[in-house]
Amino acid sequence: MDPQSSAPYLDAIAAYGSRGSGRMHVPGHKGGPGADPGLRAAIGERALLMDVPQGIYGVDLGVDIAPQLRAEQLAAEAYGASRSWFLTNGATQGNHALALALAPPGRTVVVQRNSHASVVDGLVLSGGRPQFVAPAYDDAIGIAHTVEPATLDDTLSQTPEASAVFVVSPTYFGVSADIPALAEVAHRHGCALVVDQSWGPHFGFHPDVPESALRQGADAVLTSTHKMAGSLTQSAILHAGLDTRIDIAAVDRAIRLVRSTSPNSLLLASLDGARRQLAVHGEPLLDRTLRGLVELLGRIDRSPGLEVVGPTLKGSPGVHDVDPLKVVIDVRGTGSTGYAIGQALGAWHDVHPELATDTAVLLVLGPAERPDDLAMVGLAMERTAARIVEEVEAGKAQIDEDDVPRIVEPLIAPQSETVIPPRDAFLGEAEAIPLADAVGRISAESIAGYPPGIPALLPGERITPAVVEHFRALLEAGARLHGAHDPTLGTITVVR
Ligand SMILES: Cc1ncc(COP(=O)(O)O)c(C=O)c1O
């Protein structure tokens, strides 16, 4: 039998859960009887029976090889890694661990400016110093793409002390980077390449989805398995490349530092199952999804004012490849906004997109969609667009334009100078001062405007007139400010 057809950890806890053992251990719900009946009815007795701690005889102990370790080995084989670690605190935990392992105090690492907040949070934990590199930005649709190899080359030439590079591929919108070229550049400058592939756990499992960064020379790759594959929310996998430059023992130690001593068995088991599903059935399931996608795209194509932008982006700056499971729809042709279309889809058809901005709507597909479901979504899109266009033409748009946050071009170029490491800024003495007085001071907080969610200011950066101007523009445009202790930005927290 193909070893990938087995799921040793899932099987071990399912067996323990079903054999009526005397559960003289935590958790206190004891597999069901101690749980609130409402919870029991909602999630089912089987889930409670399989909620077991580590160190159970017959599960983790008294066996030749611990099933969790075997499950991680199978994940490493399936993904083409030298080592894989199951994470129970999301890809966030992976970024924290990687920062701790690769960016100790005083070490400089190059970081894509629009990385997930957990990378800079990891540097707050570790004491490392970021040198930011800007991704390519598409101002027509207001979306940041990936880092271009030439841009990375320039940044690394100016940062000879850097020892690792952290990039994101694919982006939230499904755009993937030229990883072989980024790996070549990083390695030529003596750096390890870390790829946050959180949005691409399915990459490499079908010829029509992009290849996995692990098979393209990355040294460490993070897959947020719960986002785009079949594991439970909060589960993820961190992988080390086959020929990795990262110190596996250091990563192992760091992962233990940032994990609970009671990792959730259901999350771990779900990773084992998701890996099996992708490894054994991934290609046919993705095949079916991609066939269903053709019908969905056809419907969107026939919808007035809607245009799918993903495939047309290929080849533009920062766009090496595009994930077909992310359907980015430019809605400007309807005369309305992504917010209006998103709200109408929910209200009229109970269909809920992943994200709506003023110009676009993003639909996220899983690797195992049913064609009928996708056809139903396509029909809902078509009808919604037609009705919205009619309403716009009749002058009764669904949404008050004053309520709609507009996109403010983000500060993706490293405009701000990192004066002190994020850790010193975040943990040091701080004070809240009026925004008007903040120019020249060092920020103690991380602030991003939604939309588009790209951090404009990070702890340790000097606040420039451009940053203050940018915040004013965000507030004026009605954007929400994420991370700011005072969301109205009457005051901002700076290092004292
Ligand atoms: C690129 C990226 N990395 C990491 C994360 C964190 O993932 P998780 O929610 O699994 O902790 C996210 C979450 O959205 C993300 O977009």
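**View 1. How the chain splits up, and where domain 1 meets domain 3.** In this predicted model, the chain falls into three parts: domain 1 covers 3–278, domain 2 covers 284–403 and domain 3 covers 422–495. Measure from centre to centre over C-alpha atoms, and domain 1 and domain 3 sit 30 Å apart. Even so, the two do touch: nine residues of domain 1 are in contact with eight residues of domain 3. On the domain 1 side of that contact, helix 6 (residues 117–126) supplies the largest share, four residues. Sorted by class, this side of domain 1 has six nonpolar and three polar residues, with no charged ones.

**View 2. Around the ligand.** Here we look at the shell of residues that surrounds the ligand: Gly 90, Ala 91, Thr 92, His 116, Ser 118, Val 168, Tyr 172, Asp 196, Ser 198, Ser 224 and Ala 236. Helix 5 (residues 90–102) puts in the most, with three residues. Polar residues make up six of the shell, nonpolar ones four, and one is charged.

**View 3. Strand 6 and its two partners.** Strand 6 (residues 164–168) is mostly covered, with five of its five residues buried. Ala 164, Phe 166 and Val 168 point one way, while Val 165 and Val 167 point the other way, and all of them are buried. Val 168 also turns up in the shell around the ligand. Strand 2 (residues 108–112) runs parallel to strand 6 and is joined to it by three bridges; look for Val 111, whose bridge partner in strand 6 is Phe 166. Strand 8 (residues 192–196) pairs with strand 6 too, again in the parallel sense, over five bridges. In that pairing, Val 165 has Leu 193 of strand 8 as its bridge partner.

**View 4. Inside the largest nonpolar core.** This core counts 142 residues, and the ones touching the most other members are Ala 164, Val 165, Leu 182 and Leu 193. Helix 11 (residues 265–302) brings the largest share of the core, 12 residues. Zoom in on Leu 193: leaving aside residues up to four places away in sequence, Leu 193 touches Val 165, Leu 182, Ala 183, Ala 186, Gly 217, Ala 218 and Asp 219.

**View 5. Ile 246, a buried loop residue.** Ile 246 has its place in the loop between strand 10 (236–241) and helix 10 (248–257). Why does Ile 246 count as buried? Because Ile 246 has 21 C-beta neighbours inside 10 Å, and 20 or more is what the label takes. Not counting residues up to four places away in sequence, Ile 246 touches Ala 101, Leu 102, Ala 192, Asp 219, Ala 220, Ala 240 and Val 251. Asp 219 is also one of the residues that Leu 193 touches. Val 194 is 52 residues from Ile 246 in sequence, yet the two are 9.1 Å apart in space, C-alpha to C-alpha.

**View 6. An open sheet of four strands.** The strands line up in the order 11-13-15-14, and the pairing is antiparallel. Strand 11 (307–308) and strand 14 (355–356) are the edges, each pairing on one side only. Two bridges hold strand 11 to strand 13 (residues 326–330), and these two run antiparallel. To find your way in, start at Glu 307, whose bridge partner in strand 13 is Asp 330.

How values were computed:
Residues numbered from 1 in each chain as written. Predicted model: local features only at pLDDT ≥ 70, side-chain atom pairs only at ≥ 80, totals over all residues. Near = placed C-beta within 6 Å. Nonpolar A, V, L, I, M, F, W, Y, C, P; charged D, E, K, R; others polar. Buried ≥ 20, exposed ≤ 12 C-beta atoms within 10 Å, placed from the backbone. Pairing = 2+ DSSP bridges. Domains from an automatic or database assignment. Contact = placed C-beta atoms within 7 Å. Core = buried A, V, L, I, M, F, W, Y, C linked by C-beta atoms within 7 Å.
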